[in-house]
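Me: I should like to go through a protein model by question and answer. Please begin by showing the sequence and the structure.

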Amino acid sequence: MKISPSKILSVLALCTASAYAGPSGPPPPGVPPPGLPIDGGLIALLFVALVYGIYKIFNIQLNKKTPM
């Protein structure tokens, strides 16, 4: 059974989202909602991009036909 990259990315996205999830429910009245940080998952995003890039490079090299 081959695991597709989309399944791997889906699992990573769910794990990252659950790690950064705050308390559920609306904020109490009179309290402004918190601002969303830009760099919240930047390290995880860079790591996923690096792994995906390495996967694509190896996949292209394996599928390349060598002349005999």
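The questions below concern secondary structure, surface and pocket.

Reply: This is a predicted model, in which local features need pLDDT of at least 70, side-chain atom pairs count only at pLDDT 80 or more, and totals for chains, interfaces and linings use all residues. Residues are numbered from 1 along each chain as its sequence is written, and side-chain values use heavy atoms, with hydrogens and water left out.

Me: How many helices and strands does the protein chain have?
Reply: Helices (H or I, at least four residues) and strands (E, at least two) are DSSP runs, numbered from the N terminus. By this count the secondary structure of the protein chain comes to 2 helices and 0 strands.

Me: What percentage of the residues of the protein chain count as buried?
Reply: Buried means under 20% relative accessible area, exposed over 50%, and partly exposed in between (1.4 Å probe, protein chains only). Of the 68 residues of the protein chain, the share that counts as buried is 0%.

Me: How much of the area that the protein chain exposes do carbon and sulfur atoms supply?
Reply: Accessible areas come from the Shrake-Rupley method with a 1.4 Å probe; for residues, only the protein chains shown count as cover. The protein chain exposes about 6,500 Å², and the part supplied by carbon and sulfur atoms is 74%.

Me: Which helix gives the most to the nonpolar patch?
Reply: Patches are made of residues with over 30% relative accessible area and no salt bridge (a side-chain nitrogen of Lys or Arg within 4 Å of a carboxyl oxygen of Asp or Glu). Like charges are joined within 9 Å, and nonpolar side chains (Val, Leu, Ile, Met, Phe, Trp, Tyr) within 5 Å. Ile8, Leu9, Leu12, Tyr52 and Tyr55 make a nonpolar surface patch of about 410 Å². Helix 1 (5-19) and helix 2 (42-63) each supply at least two of its residues, but the most, 3 residues, come from helix 1.

Me: Is isoleucine 8 buried, partly exposed or exposed?
Reply: Isoleucine 8 has its place in helix 1. Its C-alpha lies 9.8 Å from that of valine 48, 40 residues away in sequence. Because its relative accessibility is 43%, isoleucine 8 counts as partly exposed.

Me: What is the relative accessible area of leucine 12?
Reply: Leucine 12 also belongs to helix 1. Its C-alpha atom and that of leucine 45, 33 residues apart along the chain, are separated by 9.6 Å. Leucine 12 is partly exposed, and its relative accessible area is 35%.

Me: How far apart in space are alanine 44 and alanine 13?
Reply: Alanine 44 lies in helix 2 and is partly exposed at 29%. In sequence, alanine 44 and alanine 13 are 31 residues apart; in space, C-alpha to C-alpha, the distance is 9.4 Å.
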